[in-house]
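Hi everyone, thanks for making time for this one. Please bring up the sequence and the structure on your screens, and I'll talk you through it.

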Amino acid sequence: MNLYQLIILFTAFVIFTKAGNAQQRINKETKPPNIVFILLDDLGYGDLSCQGGKDIYTPNIDNLFEEGIKFNNFYANSPCCSPTRAALMTGRFPDMVGVPGLVRSKKEANWGYLLPGVKSLPEMLKKVGYHTAIVGKWNLGLESPNLPNDKGFDFFHGFLDDMMDDYWTHLRQGENYMRFNKDEVNPQGHATDIFSDWSIDYIRNETKQEKPFFLYLAYNAPHFPIQPPEEWLDKVKKREKNIEEKRAKNVALVEHLDHGIGRVIKALKEANQYENTIIIFSSDNGGLLSVAASNGNLRGGKTDMYEGGIKVPTCMVWKNKIKPGSKTNVLGLTMDFYPTLCKIAGVEIEHEIDGIDLNPLISEENQKAVDRMVFFMRRDGYDIGGLCYYAMRKGQYKLVQNRPFEELQLFNTEVDPKEEKPLGDSDQLFRKLRYELSQHIRYAGSIPWEKKSSE
């Protein structure tokens with residue numbers, strides 16, 4: 001081969017390489033963003049170091065809050081698990097899709113059944129080419145047609161039921177609800193590590209594909225039983241000299257969880273997917289006080305309609321799209337991420353939902369409050385006898401019935417964030433909000449929350 005031929009060959013190589021690099025840049029710029037939604041179970045509002053926790057160290061979650069937008073006024077749709085998850089999957093108030101309470105394996109303890117025919121978030125994202133996956137806790141049905149693979153998920157590697165009785169055996173009342181798609185599996189290890197490992201495996205595999213992916217990573221932690229690995233508990237005890245045993249276990253479980261989330265984020269970066277991935281972090285409800293969770297200065301905890309039961313730490317990260325360290329005080333709910341993500345993905349919603357698109361909150365400098373009424377509910381047995389109790393918000397005003405046997409109370413959360421000074425039931429606003437709540441209850445009353453015999 002002569003010099004002239006070498007020059008021609010080298011020139012062709014350079015042109016081909018540049019064209020290839022240009023095409024990669026175009027693909028990266030035009031490919032819709034991946035989505036990773038990280039949902040924790042029973043995380044206390046004060047159980048992150050970035051949320052003011054003094055005895056807890058959560059650097060990986062803190063970093064997410066620093067790299068994106070923090071929602072200072074964000075709420076789960078319910079003070080318990082299943083309803084909030086139903087809201088995320090459907091964009092609706094939970095009682096409007098048949099899930100006012102917990103979906104459980106035992107019929108006598110079950111208080112929800114996901115309404116057939118609702119269009120799930122993964123089903124919507126699949127319309128525009130997303131590969132959809134859930135790793136971790138489902139809690140919206142244990143049999144068809146309400147299994148994850150029936151509801152739009154291409155891939156399921158996780159736990160079907162409401163909670164694990166043990167983080168190491170993964171059993172619930174002696175039954176194994178761990179699944180790979182619809183097949184029973186029996187993994188070894190702590191559930192938090194297992195779900196982190198499965199998520200990392202999924203990310204590494206999907207980055208080889210052309211499709212964008214939606215990964216719903218739903219950890220069981222830090223839901224009770226509070227069982228951190230011993231080495232994590234020892235580390236907390238050595239650092240926090242005067243910490244009580246119960247509190248030490250809760251802190252250790254959260255810190256171990258933070259470590260797992262850090263591993264997942266690292267996998268995104270190693271796969272060169274971090275910059276083109278939206279990451280959302282939230283919790284399904286507030287922390288349970290009886291297991292030493294901390295909800296900071298908020299009143300109440302899990303199962304309460306006070307702020308400690310429903311206000312949750314939430315952030316959204318999107319490199320080069322969302323300004324790092326930004327904040328919003330506008331009211332948001334879990335169900336709002338349904339239309340928000342559909343908007344970003346480019347899929348139109350042509351059916352009724354209750355959530356709103358949060359995109360204006362993350363893109364505008366002058367954020368304006370949205371004038372809307374929102375409702376919170378929980379139905380359960382045990383100490384509340386199968387009844388449902390409620391709260392609602394309109395602006396800074398909040399109507400609360402903390403248990404079905406208690407009176408409704410009205411609070412101005414702007415001047416009374418600890419909900420200590422009810423405004424009284426003679427106030428005109430009280431009567432108006434009570435009426436609006438009654439209309440929501442009337443409307444939701446037509447939605448069945450038990451499986452029909454014909455289904």
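**Rings, sheets and two side chains**

Let me start with the aromatics: searching the whole structure turns up 17 aromatic pairs. By a pair I mean rings of Phe, Tyr and Trp (its six-membered ring) with centres within 6.5 Å, called stacked for planes under 30 degrees apart, edge-to-face for over 60 and tilted for the rest. One of them is phenylalanine 37 with tyrosine 216, an edge-to-face pair at 6.4 Å centre to centre with 80° between the planes. That pair connects distant parts of the chain, since phenylalanine 37 is in strand β1 and tyrosine 216 in strand β10, 179 residues apart. Helices (H or I, at least four residues) and strands (E, at least two) are DSSP runs, numbered from the N terminus.

Before I go on, a word on the model. This is a predicted model, with local features needing pLDDT of at least 70 and side-chain atom pairs counting only at pLDDT 80 or more, while totals for chains, interfaces and linings use all residues. Residues are numbered from 1 along each chain as its sequence is written, and side-chain values use heavy atoms, with hydrogens and water left out.

Back to our rings: are phenylalanine 37 and tyrosine 216 buried or exposed? Both are buried, where buried means under 20% relative accessible area, exposed over 50%, and partly exposed in between (1.4 Å probe, protein chains only). A second edge-to-face pair is phenylalanine 93 with phenylalanine 375, at 5.5 Å centre to centre and 75° between the planes. Here too distant parts of the chain are linked: phenylalanine 93 sits in the loop between α3 (81-90) and α4 (121-126), phenylalanine 375 in strand β15 (residues 373-379), and they are 282 residues apart. Phenylalanine 93 and phenylalanine 375 are buried as well. There is also an aromatic cluster, which includes Phe37, Tyr216, Trp138 and Phe337.

Some rings have a charge above them, meaning NZ of Lys or CZ of Arg within 6 Å of the ring centre and within 35 degrees of the ring normal. Lysine 235 is over the face of tryptophan 232, 3.6 Å from the ring centre. Arginine 299 places its charged end over the ring of tyrosine 306, 3.8 Å from the centre.

Now the sheets. In general, strands of a sheet pair through backbone hydrogen bonds, either parallel or antiparallel. Here, two strands pair if DSSP finds at least two bridges between them. There is an open sheet of 10 strands with mixed pairing, in the order β9-β8-β5-β4-β10-β1-β11-β12-β2-β13. Its edges are β9 (183-184) and β13 (326-328), each with a single partner strand, so one side of each has no neighbour in the sheet. Within it, β1 (residues 34-40) and β10 (residues 213-218) run parallel, joined by 5 bridges. And which residue of β10 is the bridge partner of phenylalanine 37? It is tyrosine 216, our ring partner from earlier.

An open sheet of 4 strands, with antiparallel pairing, follows the order β15-β16-β17-β18. β15 and β18 (409-412) are at the edges with a single partner strand each, so one side of each lacks a neighbour in the sheet. β15 and β16 are joined by 7 bridges, and arginine 379 has cysteine 388 in β16 as its bridge partner. Strand β16 (residues 388-394) is mostly covered, with 6 of its 7 residues buried. From β16, 4 bridges lead on to strand β17 (residues 397-400), running antiparallel. The hairpin of β16 and β17 has 2 residues between the strands, and glycine 395 there takes a positive phi near 60°.

Last stop, two acidic side chains. Aspartate 41 lies in the loop between β1 and α2, and counts as buried because its relative accessibility is 0%. Its side chain has a polar contact of 2.6 Å with that of lysine 137. A polar contact is a pair of N or O atoms within 3.5 Å; within protein, one must be able to donate a hydrogen and the other to accept it, and residues adjacent in sequence count only if both atoms are side-chain atoms. Glutamate 244, in the loop between α6 (230-239) and α7 (245-270), counts as exposed because its relative accessibility is 61%.

Thanks for listening, and I'm happy to take questions.
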